[in-house]
Amino acid sequence: EDGSQLWLRFPAKNGISADKIITKGNSPTLNIARKELSSHWQGQTVELRTDKSLKNFKDGYTIKSIQNKIIIASAKEIGLLYGVYHILRLQQTNVSTTNLSITEKPSYDVRILNHWDNLDGTIERGYAGHSLWKWEDLPKTISPRYEEYARANASIGINSVVLNNVNASPNMLREDYLKKVKILADIFRPYGIRVYLSVNFASPKVLGGTEDSDPLNKNVQKWWKDKASEIYKLIPDFGGFLVKANSEGQPGPQDYGRTHADGANMMADVLKPYGGIVMWRAFVYSPSKDDRAKQAYLEFVPLDGKFRDNVIIQIKNGPVDFQPREAFNPLFGALRKTSEMVEFQITQEYLGQANHLVYLAPLFKETLESDTYSDGEGSTIAKLTDGTLRPAKITAISAVANIGEDANWTGHHFAQSNWYAFGRLAWNHQLTSEQIAEEWITMTFTDNEKFINPVKEMMLTSRETAVDYMMPLGLHHIFAGGHHYGPEPWGDYKGGRPDWSPVYYHQADKNGVGFDRTKTGSNAVSQYFPPLNEIYGNIETCPENLILWFHHVPWDYKMKDGKTLWEELCYKYDSGVHEVIDYQKIWDQMEPFIDSQRFAEVQSKLKIQSKDAVWWKDACLLYFQSFSKMPIPYDIERPVHELEDLKKIKLNMGHHN
Ligand code: BDP
């Protein structure tokens, strides 16, 4: 039992006989739907009915029990396949499938995974082995996993994928690679999945030999136009481009004195005739300027209204970089005439990678439910991006995938739940973290309550636990440089970019700790709509879980529970450690309920997580204590490491920032 079946553990045999499946037509998508039913569905007769009157539901569908039959209806064939996965999920989670009356409509049009896969098979921030895409073997040799991957995505409603790293190689657009991409697109298509590519802004110059890649240069524009036509000849339903430009050394329009809008619009114009879109990333910051957390807003707000309608700005959930907890990105809601979408990170770059059990649905929900107040109270990020508050031509939600060629796809068995949770929330952001966890556990492991309940509890608390042992109270980016795995709060890379050094983010000194983003500091608070600017800007009203994000707080500051900041910090780290120790206790009791392989693999990962939690706690407390000069409260475990020894740990995991 290696975990390769993911949550797709429908009964292997004894599906219903073919004459109990009623469908017209035999397109590839319908054939998949029929095959899923005949192999796995054990209930009543099912009729799949295309119904054009449901076209406002886009990929949505209805499921109705009528007499002795279940009728799944949708305007589109893919909606029928989604409906099939829906009833299979009900069957698998022991929900009654009689008297059904279900209407489903996706929250977002584009539900997209971003793979950060390189053409050489490595994956940027990937912790589940090499890339699934075997570029060397394509287009001739086709791995069976391409289709398994497509099926897994379709089963949770994911309908789009970017195949390659945002730090894109220009070669991705070479003819030979496009032919390989075409093969993947052909395999994914029946599962309702469209392919997109990350593109390098300098491609025309590098590949096409134009004098530059200036978006206003006619030759450059022509190169992109021809490239688009070449792509659409191979892949008629190609989705579009994802672009990281003028960010962390990537080329972009600013290299030629042009704006992000000039760059994005040039690409949007060439994709428009084919219905393609541009997802232009807002992840930009430069070392010379203001507080990193302010930069995306400063860069993009002046460009509002200047983007074509097939451009959508892709914004990371927080303004820094996928930290265990960040304030939400103030750019959400600030662009009034431009479509916005969220980018989450499923791969756990900053959350213990493939070693820590961290269930991310609560993090995703925290962002989606954040009220920006942009259009008055209730202007949540979910409502701003799903078309509810601002009618949008296209709505989308994305996340950086955690998938690789490991047998279990995601490195840690529980990391599968994060792929699953993203897909389910992209389909319906109203689902709760708890519902999703329960579904996933039941489908992936067992329907035994004695397993489901404790494991669900562990999953639901796990994100907060990781925050506690890594970066409680709004601390952020105190990771070791490069690999971002362990702690390095002392990191001060003199001569390098200040905003790549942990000391830049925590600002600890003898007075206190935390980044002053109030009016007396960087004034990042001013980027939030009232009343949030006031709430965050005032130390008394700032939520304590973000207090060190927005304030430089004295060590002896009295927290709401009466403890000093220093004591609070100590107790948070300690409670993070204890939580993980509890997870170990819970997990060991789960042995009777599941297979021995997955049991043992999770058990051994929890040991690593437990040791890491102590490492984090000791490193951070001992280091911060050198400023606070206060004792670690005597009722918590003493450090078991020497700070000097911890400073010597160098993991050879290499990376630039
Ligand atoms: C950071 C990663 C870096 C990515 C960058 C990005 O450390 O590897 O290239 O984000 O999103 O999280 O572009």
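## Around the ligand

Let's start at the ligand: 11 residues lie around it, and Glu124, Val166, Lys244, Phe283 and Asp321 are the ones that come nearest. What kinds of residue make up this shell? Six are charged, three are nonpolar and two are polar. Keep in mind as you look that this is a predicted model.

## Three domains

Stepping back to the whole protein chain, the domain assignment divides it into three parts. Domain 1 covers 18-104, domain 2 covers 110-444, and domain 3 is made of two pieces, 468-515 and 552-648.

A UniProt annotation, from an unreviewed entry, also marks part of the chain: it labels residues 92-409 as "domain: Glycosyl hydrolase family 67 catalytic". Within residues 92-409, helix accounts for 26% and strand for 14%. The C-alpha atoms at the two ends of this span are 21 Å apart.

## Where domain 1 meets domain 2

Now for a closer look at one pair of domains. Taken over C-alpha atoms, the centres of domain 1 and domain 2 are separated by 30 Å. The two are in contact through 11 residues of domain 1 and 10 residues of domain 2.

Which elements give two or more residues to the side of domain 1 that touches domain 2? They are helix 1 (28-40) and helix 2 (77-92). Helix 2 provides the largest share of that side, with six residues. By type, the residues on this side of domain 1 split into six nonpolar, three polar and two charged.

Technical notes. Residues are numbered from 1 along each chain as its sequence is written. This is a predicted model: local features need pLDDT of at least 70, side-chain atom pairs count only at pLDDT 80 or more; totals for chains, interfaces and linings use all residues. Domain bounds come from an automatic or database domain assignment. Two residues are in contact if their C-beta atoms, placed from the backbone, lie within 7 Å. Helices (H or I, at least four residues) and strands (E, at least two) are DSSP runs, numbered from the N terminus. Ala, Val, Leu, Ile, Met, Phe, Trp, Tyr, Cys and Pro count as nonpolar, Asp, Glu, Lys and Arg as charged, and the others, Gly among them, as polar. UniProt positions are given in the numbering used here, feature names are shortened, and annotations may be inferred rather than shown by experiment. A residue is near a molecule or strand if its C-beta atom, placed from the backbone, lies within 6 Å of it.
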